[in-house]
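The following note sets out points for consideration on the structure shown below. Each point is kept short and can be checked against the coordinates.

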Amino acid sequence: MAGINKVILVGRVGMDPEIKSFSSGDKIAEFSLATSQSWRDKTSGERKEKTQWHRVKIQNQNIIKIVDSYVTKGAQVGVEGEIQYRQWEKDGQKHTTTEIVIGSFDGRLYLLESKSDGDGGKAKSDNGGGSQRSQGAQDSGRASRDLDDEIPF
């Protein structure tokens, strides 16, 4: 049986994406993604937080166009890809890195907020897997729980 290598992360972009071009015309996009977990310490009652940093590499040329137009430092995004490990040797020392890779034919990128929702994103995007809102709820300022009253069943 073949294995499954799939990871889904939601976090904040830690740096503006770096897009590299090759002589073939292909490009690659890379950025760091921070995911955080928070909890309250049982003994002290103090709020604690742990942040993990992930290196994201995108090889899909269509997704790279979206990254170039809409993703900036601080933007909240979701990525769906696979974990890959790379090793190299420099100055006699072995180095290893772990990357979340959105390949040429698989993986996804989700834009989870528009520019007006936070400080991330270069342009307004209300879709693309992002946080979608009912237009009526957004205009009237009602809480999302009030929408349940409008559902006829």
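**Confidence and its limits**

1. Over residues 120-149 pLDDT stays under 50, although the model has 53 contacts beyond four places in sequence for this stretch. The model is a predicted one, and these contacts belong to a stretch whose pLDDT is under 50. Among the elements, helix 2 (residues 135-140) has the lowest mean pLDDT, 33, whereas strand 1 has the highest, 97. For the protein chain, the mean pLDDT is 81, and 74% of the residues reach 70 or more.

**Overall organisation**

2. The protein chain contains 2 helices and 7 strands. Their order along the sequence is β-β-β-β-α-β-β-β-α. Of contacts between residues at least 6 apart in sequence, 54% join residues at least 24 apart. One such separation in sequence is seen between Leu111 and Gln76, which are 35 residues apart along the chain while their C-alpha atoms are separated by 6.8 Å.

3. Buried residues account for 30% of the 153 residues in the protein chain. The exposed area of the chain is about 10,700 Å², of which carbon and sulfur atoms supply 46%.

**Core and helix 1**

4. The largest nonpolar core has 19 residues, and those touching the most other members are Phe31, Leu33, Ile58, Val77, Val79 and Leu109. At least two residues of this core come from each of strand 1 (7-13), strand 3 (27-40), strand 4 (47-58), helix 1 (61-70), strand 5 (76-90), strand 6 (93-102) and strand 7 (108-111). As general background, nonpolar side chains in soluble globular proteins tend to be buried together.

5. Ile58 merits inspection as one of the core residues that touch the most other members. Leaving aside neighbours within four places in sequence, Ile58 is in contact with Lys27, Ile28, Ala29, Phe31, Ile63, Ile64, Val67 and Ile102.

6. Which residues of helix 1 are buried? They include Ile63, Ile64 and Val67. These residues lie on the same side of helix 1, because they cover an arc of only 105° around the axis. On the other side of helix 1, Asn62 and Lys65 are exposed. The buried residues of helix 1 pack against strand 2 (18-21), strand 3, strand 4, strand 6 and strand 7. At the start of helix 1, a side-chain oxygen of Asn60 comes to within 2.9 Å of the backbone nitrogen of Asn62.

**Individual residues**

7. Thr97 lies in strand 6. Its relative accessibility is 19%, so Thr97 counts as buried under a cut-off of 20%. Beyond its neighbours within four places in sequence, Thr97 is in contact with Gln84, Tyr85, Arg86 and Trp88.

8. Leu111, in strand 7, is also buried, with a relative accessible area of 10%.

9. Asp91 should be examined for its backbone conformation: phi is near 55°, a positive value in a residue other than glycine. Most residues other than glycine have a negative phi. Is Asp91 buried or exposed? Asp91 counts as exposed, because its relative accessibility is 76%. Its place is in the loop between strand 5 and strand 6.

Key:
Residues numbered from 1 in each chain as written. Predicted model: local features only at pLDDT ≥ 70, side-chain atom pairs only at ≥ 80, totals over all residues. Heavy atoms only, no water. Helix = DSSP H or I, 4+ residues; strand = E, 2+ residues; numbered from the N terminus. Buried < 20%, exposed > 50% of the residue type's maximum accessible area, 1.4 Å probe, protein only. Contact = heavy atoms within 4.5 Å. Areas by Shrake-Rupley, 256 points an atom, 1.4 Å probe, with all protein chains shown as cover. Core = buried A, V, L, I, M, F, W, Y, C linked by side-chain atoms within 4.5 Å. pLDDT = per-residue confidence, 0-100. Arc of directions from axis to C-beta. Polar contact = N/O pair within 3.5 Å; in protein donor to acceptor, adjacent residues only side chain to side chain.
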